[in-house]
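Please look through the model below with two topics in mind, the packing of a pair of helices and the state of the cysteines.

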Amino acid sequence: MHDARTLIELGDEAVRRLARRGYTLDLAGLEALSARRNSSISRADDLRAESKRVAAEVGRVAKETRGQGEEVEKLKTRAREIKDEIRTAESETEAAEDALREVLLAIPNLPDDEVPDGDSDADAVEVRRWGTPPEFGFEVRDHVDLGEATGILDFGRAAKLSGARFSVARGPGAVLERALATFFLTMHTARHGYTEFSVPYLVTRETMTGTGQLPKFEEDLFRTGTTDRSLYLIPTAEVSLTNLHADEMLDADALPLAYTAYTPCFRSEAGSYGRDTRGLLRLHQFAKVEMVRFCREEESAAELELMVSHAENCLQALGLAYRVVRLAAGDMGFAARTTYDLEVWLPSQGTFREISSCSDCGTFQSRRAGIRAKDAHGGRAQVATLNGSGLPIGRALAALLEQYQAEDGSVTIPEVLHPFTGFRRILADGTTE
């Protein structure tokens, strides 16, 4: 969440930067709300000071008059009036702060100036490519046809259980999903220095607000509850991992912190019906290994480059051709100020498709969640948060099936996964060898 004073001080600069991502900042309205809050705070402070003066005066006059006389009663009456006025001023302050907070919670992060203009994936700027997209001397199948032909994916039975946009993996397919998750976690913990967590999949409204999913994106979330409480299903482990330190003071000298977790993720994908509804690319429930980093604000740009390299290492180890793009200002997530997408090659579509999104959120999330830091000498440091997919299991499986398919319908398994799968190939009949 933004600091109102900072946005007001930036003035037209804040308006310009937010306009790049399609948000119109009502600067005059923000200034009015901030002035209203400040005025009510000052009014309450002045009344408290007056209350102290009147109380002291009551004591002095009462001592002089032995508690008798008209002046003492007038002072006591004024003391009671001031208490009522303080309660009114405090109520006005609370209302003003709530109104200002509601406005600030809806304002997206300011994009970095290095981020390209635009509002769609067509406006992204390619940074680099790795690997060569495979070429086939036969008609390429997509991962749905490959999965269903071998029997390792079953979308029909998934629909019977839960409706559209769900999947079931069977036999070698389920083993391959587990192998990918274990491989990614092993890469991040053993090679990249992340600490693995097992976190809740159901979180509070406050937790969702801390990372920016609420209040703006409520329609994209699944919510559940009992008679006495309501909880949200996480759309990504970023929510749980980042909020582990909500309302905490971190040791600045211990930064950066690097966390990872493997969780199911739940998204309603509101407004996306008709896009990627076939297969594993856009499900309501999917599994993902997430990366989250906490660092000093001035180090976040370098930390983002490091995080992107960690996601790239996973794709390179699997031998999957991909490219890295920098997203346009209007196409980034609500909390991001800079985002790189990794896009893996899907032969069936003849194009690159997103498989990982890595974002630098600056202090946007830490302000919302109350995450602060100080060093051994008591100096305060602003905490920046970063998050990235490292990687989603379904999209990685789809890319693997398509890039490693053979004409006879079999699929070769990358060598790095052999210790985790126990097989080298999935044959056309669904058996393995």
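What follows takes the helix pair and then the cysteines, in a model that is predicted.

Helix α7, which spans residues 172–191, packs with helix α12, residues 393–403, at an angle of about 110 degrees, and the axes of the two helices lie 10 Å apart. Because angles of 65 to 115 degrees count as roughly perpendicular, α7 and α12 are therefore roughly perpendicular to each other. The crossing that α7 and α12 make is right-handed. On the side of α7, the residues that take part in the contact are Leu176, Glu177, Leu180, Ala181 and Phe184, and these meet Ile393, Ala396, Leu397 and Leu400 of α12. Sorted by character, the residues of this contact between α7 and α12 comprise 8 nonpolar and 1 charged, with no polar residue among them.

The second topic is the cysteines. How many disulfides does a search of the whole structure find? The search finds 0, where a disulfide would need a pair of cysteine sulfur atoms within 2.5 Å. For Cys358, the closest cysteine sulfur belongs to Cys314 and lies 10 Å from the sulfur of Cys358, which is too far for a bond. Cys358 is also buried, its relative accessible area being 0%. Cys361 is likewise in no disulfide, since the nearest cysteine sulfur, which is that of Cys295, is 11 Å away, beyond the 2.5 Å that defines such a pair. With a relative accessibility of 2%, Cys361 counts as buried, because the term applies under 20% relative accessible area.

Key:
Residues are numbered from 1 along each chain as its sequence is written. This is a predicted model: local features need pLDDT of at least 70, side-chain atom pairs count only at pLDDT 80 or more; totals for chains, interfaces and linings use all residues. Side-chain values use heavy atoms; hydrogens and water are left out. Axes are lines fitted to C-alpha atoms, for helices over the stretch in contact, and angles run from 0 to 180 degrees between N-to-C directions. Helices (H or I, at least four residues) and strands (E, at least two) are DSSP runs, numbered from the N terminus. Angles under 35 degrees count as roughly parallel, over 145 as roughly antiparallel, 65 to 115 as roughly perpendicular and the rest as oblique. A crossing is left-handed if the near helix is turned anticlockwise from the far one by less than a right angle, and right-handed if clockwise. Contact means heavy atoms within 4.5 Å. Ala, Val, Leu, Ile, Met, Phe, Trp, Tyr, Cys and Pro count as nonpolar, Asp, Glu, Lys and Arg as charged, and the others, Gly among them, as polar. Buried means under 20% relative accessible area, exposed over 50%, partly exposed in between (1.4 Å probe, protein chains only).
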